[in-house]
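I opened this entry to look up one helix pair and then the protein surfaces facing the DNA. My notes follow in the order in which I checked things.

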Protein chains: 2
Amino acid sequence: MTAAPALRPKALETRARILEAALDLFRERGYEAATMRAIAERAGVSLGNAYYYFRSKEHLIQAFYGRTHDEHRTIVDARLDEHKDLKARLRWTMRTKLETVEPYHRFAGLLFRSAADPLSPLNPFSAESQPVRREATALLARVVEGARGRVPADLRAALPNLLWLYEMGIILFWIHDPSPGRRRTRQLMERSVDLVVKLIGLASLPFMGPVRRAALRLVAELSEAA
Amino acid sequence: MTAAPALRPKALETRARILEAALDLFRERGYEAATMRAIAERAGVSLGNAYYYFRSKEHLIQAFYGRTHDEHRTIVDARLDEHKDLKARLRWTMRTKLETVEPYHRFAGLLFRSAADPLSPLNPFSAESQPVRREATALLARVVEGARGRVPADLRAALPNLLWLYEMGIILFWIHDPSPGRRRTRQLMERSVDLVVKLIGLASLPFMGPVRRAALRLVAELSEAA
DNA sequence: GGCCGTAGTTGAACGTGTTCAAAACTGCCG
DNA sequence: CGGCAGTTTTGAACACGTTCAACTACGGCC
């Protein structure tokens, strides 16, 4: 992922030290203030060395994506099956997601600054993001699979990707949210989970077939293009 | 808009020269290659002087937003009322939008790089973007107003904002679209306009009242927060 | 006309992300 | 042990966006 052709143990440790220093500084000072020079210094390493392990500052952040996702997955899986219907499962997933990323809110705004840049590795649709994206949709697939209630097969198949987009949307709001403790985001999340589940119910009605298929075809094209 | 307390004629001309040079360079070389130094040089002006008129490179781009919007509005208005139903009006609007921005595709990717950055003036939700955003939704309001067919009042009122979000989505896709002449975007646009109008029809059905209101309330909160 | 304050303009300087040629280190083969 | 090919590390250098103290040119007032 980071062009790593079998690093020696010592190199691995250096790499880890740099990543750790970066995450610390991101958390403490935000994205801009965490300069590559500061990161290198805290890691006890030269500037150029940081670039030996991470092609750019943004690649360093790619590692952050992976880190928080892993953390999230662990927490979700631990108690996912205590929740039976889709609404409860989705709510549990989204709630823990917000808790997982919360410590990084200060720097997340600038972290995600490149989210819309097609050339940036940070773009959620970019090749570099693919592994994390795959895992995230896999998690959402599990959320859907285990839920009771019947959903048409075509919609069910597309749901992980759709829910991932929904998750991205919530995160986008979270980034912008200036309210204390991100109260508004949590509120928005609770209500929108409700609505999303309601819409899934609606789209599952028999006479919705044609519109649903048209919508799904469009979505399929979209994700194929990315 | 650009903190301009009554510029003298000569100053106005300098400002215009800088903006013109910037737009030229953006078109010719893309965003990154159009350095502030190059812009200043082409405008026959010192580097510092460019910053006297535009607080930052991104503010320079804000002017681009305004420029293309004005152009778009003129084209749309010229023939908007030849189209009677909502689908035709919306399609006409979106089609001309894509044509208007097409010359800038090369640099648009990096132009919109900060679209997701809450602190950037380029963020469509930012205070700096408000004037353009207002005008854009006003245009979409005209698109909706003049259309025949009945749409519930609550939905009708929210439609300009919703359609603006839809437009942003299409633009986002356009930015990423590597297909020749942005063929895929045009295709996506045609189909999604269809779907959007269908969905508006669906949401207008009597028994959709509760869900529609829940959805609109959510959207209202969203835009209030921004 | 001469002066003064403001509008307009300059370019050197700063800190940033990033690159690169060269140095230092490491493990291995003779 | 001696050298050699890799891997790892270094820090100077580059171009960029941005800032700022200093300079110049203009327009109104006495």
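I started with helix H4 (residues 57-79) and helix H5 (residues 86-101) of chain B, whose axes come within 9 Å and cross at roughly 140°. The model is a predicted one. Angles over 145 degrees would count as roughly antiparallel, so I put H4(B) and H5(B) down as oblique to each other. I noted the crossing of H4(B) past H5(B) as right-handed.

Next I listed the contact residues. H4(B) brings B:Thr68, B:Glu71, B:His72, B:Ile75 and B:Val76, and these meet B:Thr93, B:Thr96, B:Lys97, B:Thr100 and B:Val101 of H5(B). By class I have five polar, three nonpolar and two charged residues in this contact.

I then turned to DNA strand D and found 20 residues around it, the closest being A:Ala11, A:Ser46, A:Gly48, B:Thr35 and B:Gly48. Two or more residues each come from helix H1 (9-29) and helix H3 (47-53) of chain A, and from helix H2 (36-42), helix H3 (47-53) and H4 of chain B. H3(A) gives the most here, with four residues. I sorted the surface near strand D into eight nonpolar, seven polar and five charged residues.

Last, I looked at DNA strand C. It has 18 residues around it, and A:Thr35, A:Gly48, B:Ala11, B:Ser46 and B:Gly48 come nearest. The elements giving two or more residues are helix H2 (36-42) and H3 of chain A, with helix H1 (9-29) and H3 of chain B. For strand C I marked H3(B) as giving the most, with four residues. The classes near strand C are eight nonpolar, seven polar and three charged.

Conventions:
Residues numbered from 1 in each chain as written. Chains lettered and ligands numbered in written order. Predicted model: local features only at pLDDT ≥ 70, side-chain atom pairs only at ≥ 80, totals over all residues. Axes fitted to C-alpha atoms, helices over the stretch in contact; angles between N-to-C directions. Parallel < 35°, antiparallel > 145°, perpendicular 65-115°, else oblique. Left-handed = near helix turned anticlockwise from the far one by under 90°. Contact = placed C-beta atoms within 7 Å. Nonpolar A, V, L, I, M, F, W, Y, C, P; charged D, E, K, R; others polar. Near = placed C-beta within 6 Å.
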